[in-house]
Amino acid sequence: ARIISEILVRLERLAARERLSGWDVLVLTGYGEQKQAINRELAKLQFKALAVGCHTVDAVQGREAKIAIYSMTRSNPEKRLGFLKEKPRLNVALSRGQQYLVIVGDHLFARDAVGMNPFSPVVSHLGNHPSDCLIKEFKK
């Protein structure tokens with residue numbers, strides 16, 4: 001939630017500096033509790049250039065935004081994805097951004113999760129396309 005908040009603050013500054021308005025941002029997560037945590041962080045912020053909405057993946061099908069931010073919250077020692085392993089959910093999450101997609105999460109966990117893992121090819125794609133994609137580590 002904190003990292004998403006930081007990203008949105010940076011986007012707001014960029015939009016203000018470039019005199020852009022009406023950027024719609026859709027923040028997505030697989031879990032209701034994560035949505036609540038993100039909304040608590042967003043309540044501390046004020047946006048003038050961004051229109052920000054936060055939803056679970058299950059509640060967002062059919063919606064799109066210029067920018068989508070997907071909070072991929074899973075990370076555990078057992079390397080289990082839980083219900084995030086379902087390809088239709090991942091497809092919805094990754095296809096909501098009309099121009100930009102930001103994925104926030106543990107990319108090493110996503111790459112190496114055991115069992116059915118639809119995230120592995122996504123992380124591989126990110127790493128194999130450095131001209132279009134960036135993997136950036138944030139400090140905790």
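## Secondary structure

Helices (H or I, at least four residues) and strands (E, at least two) are taken here as DSSP runs, numbered from the N terminus. On that basis the protein, which is a predicted model, holds five helices and four strands. Followed along the sequence, these elements come in the pattern α-β-α-β-β-α-β-α-α.

## The sheet

The four strands make up an open sheet with parallel pairing, and their order across the sheet is β2-β1-β3-β4. Its edges are formed by β2 (50–56) and β4 (97–105), each of which pairs on one side only. On average, neighbouring strands of this sheet are turned by 20 degrees against each other when direction is ignored.

One of the pairings can be described in closer detail: strand β3 (residues 65–72) runs parallel to β4 and is joined to β4 by seven bridges. Met72 has Gly105 of β4 standing opposite.

## Overall dimensions and packing

The radius of gyration of the protein is 15 Å, which agrees with the value near 14 Å that a compact globule of 140 residues would have. Measured out along the principal axes, the C-alpha trace spans about 45 × 35 × 30 Å.

Of the 140 residues in the protein, 35% are buried, where buried stands for a relative accessible area under 20%. Among contacts between residues at least 6 apart in sequence, 80% join residues that lie at least 24 apart. The exposed area of the protein comes to about 8,600 Å², of which carbon and sulfur atoms supply 48%.

How values were computed
Residues numbered from 1 in each chain as written. Predicted model: local features only at pLDDT ≥ 70, side-chain atom pairs only at ≥ 80, totals over all residues. Heavy atoms only, no water. Pairing = 2+ DSSP bridges. Axes fitted to C-alpha atoms, helices over the stretch in contact; angles between N-to-C directions. Rg over C-alpha atoms; globule rule 2.2 N^0.38 Å. Buried < 20%, exposed > 50% of the residue type's maximum accessible area, 1.4 Å probe, protein only. Contact = heavy atoms within 4.5 Å. Areas by Shrake-Rupley, 256 points an atom, 1.4 Å probe, with all protein chains shown as cover.
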